[in-house]
Amino acid sequence: MQERTKAVTEEFYRQLLADQSKSGLSLREFASKRGIPVGTLSFWRHELKRRDAERGKRKSKSKKTAKGTKPRFLPVSFVTPPDPPAMEPRPAGVSRPAGQGYEIVLGPDRVLRLPSDFDGAQVAALVRAVASC
């Protein structure tokens, strides 16, 4: 029950200080009109700033991974490749024409181009290796 009371008290003073800010009155004038000691409002203004700063620190710490670094996410986009041109039968050993397969853009200077019959496990290992560089 004590935690609930602390939360209610904090919210009460947050609202009171928001009202003071909107009123255009000084802290002393506002406190006098409300019948509250100016020291109490001053304490809560500083206390709420301290609590907000502490909560901000906790949030930024919780975003870090176990190794202490923030994860990096790269943008991913999927594009539909154009229909391949009509193909004539090719003799064995002749490579496929360019444009067939997949392209994975890992960044502005990192692109993987793969044939359509790639081995998924090998590509996954390759992507992990390139991304860790």
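What kind of contact joins the side chains of glutamate 47 and arginine 51? A polar contact does, at 2.8 Å. Keep in mind as you go through the views that this is a predicted model.

**View 1. Glutamate 47 and its partners in helix α3.** Glutamate 47 sits in helix α3. With a relative accessible area of 12%, this glutamate is buried. Its side chain makes the 2.8 Å polar contact with the side chain of arginine 51, and it also meets the side chain of arginine 50 in a salt bridge, 2.7 Å from N to O. Arginine 50 and glutamate 47 are three residues apart in helix α3, which is about one turn. Unlike buried glutamate 47, arginine 50 comes out as partly exposed, at 47% relative accessibility.

**View 2. A salt bridge from helix α1 to helix α3.** Here glutamate 10 and arginine 51 bring their side chains together in a salt bridge, with 2.7 Å between N and O. Glutamate 10 belongs to helix α1 (residues 2–23) and arginine 51 to helix α3 (residues 38–62), so this pair ties together parts of the chain that are 41 residues apart in sequence. How accessible is each partner, buried or partly exposed? Glutamate 10 has a relative accessible area of 11%, so it counts as buried, the cut-off being under 20%. Arginine 51 has 22%, so it falls in the partly exposed class.

**View 3. Arginine 55 and aspartate 52, further along helix α3.** This is another salt bridge, with the side chains of arginine 55 and aspartate 52 at 3.9 Å, N to O. The two residues are three apart in helix α3, so about one helical turn separates them. Both ends are partly exposed: arginine 55 has a relative accessible area of 34%, and aspartate 52 is at 38%.

**View 4. Zooming out to the charged network.** Put the previous close-ups side by side and a network of salt bridges appears, linking Glu10, Arg14, Glu47, Arg50, Arg51, Asp52 and Arg55. In total, the count of salt bridges comes to seven.

**View 5. Tyrosine 13 against tryptophan 44.** The structure has three aromatic pairs. In one of them, the ring centres of tyrosine 13 and tryptophan 44 are 4.8 Å apart with their planes at 5°, so the pair is stacked. This pair links distant parts of the chain, since tyrosine 13 is in helix α1 and tryptophan 44 is in helix α3, 31 residues apart. Both tyrosine 13 and tryptophan 44 are buried.

**View 6. Phenylalanine 43 joins in.** How are the rings of phenylalanine 43 and tryptophan 44 arranged? Their centres are 5.6 Å apart and their planes are at 85°, so this pair is edge-to-face. Phenylalanine 43 is partly exposed, with a relative accessible area of 47%, while tryptophan 44 is buried at 12% relative accessibility. Together with Phe12 and Tyr13, these residues form one aromatic cluster.

**View 7. The largest nonpolar core, seen around leucine 41.** Ten residues make up this core: Tyr13, Leu16, Leu17, Leu27, Phe30, Ala31, Ile36, Leu41, Trp44 and Leu48. Helices α1, α2 and α3 are the elements that give two or more residues to the core. Leaving aside residues up to four places away in sequence, leucine 41 touches Tyr13, Leu16, Leu17, Leu27, Phe30, Ala31 and Ile36. Tyr13 and Trp44, members of the aromatic cluster, turn up in this core too.

**View 8. The whole chain, and where to be careful.** The protein holds four helices and two strands, running α-α-α-β-β-α along the sequence. Of its 133 residues, 14% are buried. Among contacts with a separation of 6 or more, 25% are between residues 24 or more positions apart. Mean pLDDT is 76, with 70% of residues at 70 or more. Which elements mark the two ends of the confidence range? Helix α2 (residues 27–34) has the highest mean pLDDT, 93, and strand β1 (residues 102–107) the lowest, 72. Over residues 90–96 the pLDDT drops below 50, and beyond near neighbours in sequence this stretch has three contacts in the model. Where pLDDT is low, the predicted coordinates should not be read in detail.

Notes: Residues are numbered from 1 along each chain as its sequence is written. This is a predicted model: local features need pLDDT of at least 70, side-chain atom pairs count only at pLDDT 80 or more; totals for chains, interfaces and linings use all residues. Side-chain values use heavy atoms; hydrogens and water are left out. A salt bridge is a side-chain nitrogen of Lys or Arg within 4 Å of a carboxyl oxygen of Asp or Glu. Buried means under 20% relative accessible area, exposed over 50%, partly exposed in between (1.4 Å probe, protein chains only). Rings of Phe, Tyr and Trp (its six-membered ring) pair if their centres lie within 6.5 Å; planes under 30 degrees apart count as stacked, over 60 as edge-to-face and the rest as tilted. A polar contact is a pair of N or O atoms within 3.5 Å; within protein, one must be able to donate a hydrogen and the other to accept it, and residues adjacent in sequence count only if both atoms are side-chain atoms. pLDDT is the predictor's confidence in each residue, from 0 to 100. Contact means heavy atoms within 4.5 Å. A nonpolar core is a set of buried Ala, Val, Leu, Ile, Met, Phe, Trp, Tyr and Cys residues joined through side-chain atoms within 4.5 Å.
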